[in-house]
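Me: I should like to work through this structure by question and answer, beginning with its charged pairs. Please reason briefly each time and finish on the value or name requested.

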Amino acid sequence: MPGLIVLHENNGRMKRKFNEDGIMHIYQRTISGYNVFYCLEDFIIFYTIVSVYAKKFGIKLLAMCLMIDHTHLLASCSSLETLSRFISAYTSMFVREFNLYTGRSGPLFKKAYGSAVKMEWKKIRSAIAYLFNNPVEKQLCTKAEDYTWNFLRLYCPEYTPVSTTMKRSRKLKRSMKMVKDNFNKGYYLKYTLLDYLYKDLSKHEKRILTQYILEVYFPFDTEKVCNYYKSYEDMVIAINSNTGSEYEIKENHYGKTDVPYREIISCLNNMNIADCRSVLTMDTGMKVQLTGILKQKTSASSTQIRKFLQIPIKKKTKVPKEPK
């Protein structure tokens, strides 16, 4: 087994460990802790981009969890350079698509990403549990398998694809075919295409189409992940019994729960703001006014509201001390 390789990046200020036989836990932060996933379409676009680029770069994906303001990824590859190029490529492409559709500008993710290489069996299992339990820790669900965007339910060997279980309308068949065609061509899904695919579908049909997209673009090596346990069932029991741990990556924490973000979206919808991402292009004055309303009508903290509205943090100016 090759020894642990230590590479220096960022002008030697950061040491990043890597081993081609290990599992890399990747953690991506957003600038100023901004929220990045506001609605179903944001999650889907990011997911399909990662899926397409993983195949392009030859990255083996084990698991991924998309949270409102950060992402976790477990992967393995032949070199750190390839992994870094992969992360840069899918991040840049998502931000490009997000900005183009919403009208905002500028980066969303920090250029530097957090990483930790896992070699020992126990540490890999702990990282798996930690990743899948992120939404449980943030009180978005009670069991890890109940969260859509950690994709855990699709790991089950007995999972039955939605495409084989129910009747489909002509409109739904058309949308499902277009999803499959784009996947076969190596294309990720774009916002304008999603608008077209979901158009005129009932709520039930939209749920079916969403699940179908997750199935078609599913990029994870379920067998390898489940092999760290006796079975999928044992893995789920273990994940729900132990939240896992991660001491090698420093995470940012903005409150014990992410539930207030859902409250913010509900509040905006009640204010006839159907697309909550439209607040991102509001001028500063309107954002300040909206902050006051959200403070009164939700349980969100000032920091959580700032993150949701993507209000920059003003850097404190250091006042020079007077000489004694």
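Me: Which residue does the side chain of D42 meet in a salt bridge?
Reply: This is a predicted model, and the distances given are computed from it. The closest N to O approach in this pair is 2.8 Å, inside the 4 Å limit that defines a salt bridge. The side chain that D42 meets is that of R277.

Me: Why does the pair D42 and R277 tie together parts that are apart in sequence, and how many residues apart are they?
Reply: D42 belongs to helix 1, residues 40-57. R277 sits in the loop between helix 10 (259-270) and helix 11 (284-297). The pair therefore ties together parts of the chain whose separation in sequence is 235 residues.

Me: Which residues are linked with R277 in a network of salt bridges?
Reply: R277 also meets the side chain of D275 in a salt bridge, at 3.0 Å from N to O. D275 is partly exposed, with a relative accessible area of 32%, whereas R277 is buried at 5%. D42 is buried as well. The residues linked with R277 in the network are D42 and D275.

Me: With which residue does K118 form a salt bridge?
Reply: K118 lies in strand 6 (residues 114-118), and its partner is in the loop between helix 9 (232-241) and helix 10, 128 residues apart from it. Both members of the pair are buried. The closest N and O atoms are 3.0 Å apart, and the partner is E246.

Me: How many salt bridges does the structure hold?
Reply: The pairs discussed above include D42 with R277 and K118 with E246. They are among the salt bridges of the structure, which number 5.

Me: How many residues of strand 6 are buried?
Reply: In a regular strand the side chains alternate between the two faces of the sheet. Here G114, A116 and K118 point one way, while S115 and V117 point the other way, and all are buried. Strand 6 is therefore largely enclosed by the rest of the structure, the buried count being 5 of the 5 residues.

Me: Which residue of strand 6 is the bridge partner of Y27?
Reply: Strand 3 (residues 23-29) pairs with strand 6 in the antiparallel sense. The pairing runs over 5 bridges. In strand 6, the partner of Y27 is G114.

Me: How far apart are the end C-alpha atoms of helix 7?
Reply: Helix 7 covers residues 203-216, which makes 14 residues. At 1.5 Å a residue, the expected span is 20 Å. The model agrees with this expectation, since the end C-alpha atoms are separated by 20 Å.

Me: Against which helices do the buried residues of helix 7 pack?
Reply: Of the 14 residues of helix 7, 10 are buried, so the helix is largely enclosed by the rest of the structure. Among the buried residues are E205, I208, Y212 and V216. These buried residues of helix 7 pack against helix 1, helix 5 (170-184) and helix 6 (191-198).

Me: Which element gives the most residues to the largest nonpolar core?
Reply: In soluble globular proteins, nonpolar side chains tend to be buried together. The largest nonpolar core here has 105 residues, and those with the most contacts inside it are F86 and F94. With 11 residues, the element that gives the most to this core is helix 1.

Me: Which backbone oxygen does the side chain of T257 reach?
Reply: T257 is found in the loop between helix 9 and helix 10. With a relative accessible area of 19%, T257 falls under the 20% limit and therefore counts as buried. Beyond its sequence neighbours within four places, T257 is in contact with residues including Q139 and Q304. At 3.3 Å, its side chain reaches the backbone oxygen of K138.

Me: Is N272 buried or exposed?
Reply: N272 is found in the loop between helix 10 and helix 11. Its C-alpha atom is separated by 40 Å from that of L62, 210 residues apart along the chain. At 74% relative accessibility, N272 lies over the 50% limit and therefore counts as exposed.

How values were computed: Residues numbered from 1 in each chain as written. Predicted model: local features only at pLDDT ≥ 70, side-chain atom pairs only at ≥ 80, totals over all residues. Heavy atoms only, no water. Helix = DSSP H or I, 4+ residues; strand = E, 2+ residues; numbered from the N terminus. Buried < 20%, exposed > 50% of the residue type's maximum accessible area, 1.4 Å probe, protein only. Pairing = 2+ DSSP bridges. Expected span 1.5 Å × (residues − 1). Contact = heavy atoms within 4.5 Å. Polar contact = N/O pair within 3.5 Å; in protein donor to acceptor, adjacent residues only side chain to side chain. Core = buried A, V, L, I, M, F, W, Y, C linked by side-chain atoms within 4.5 Å.
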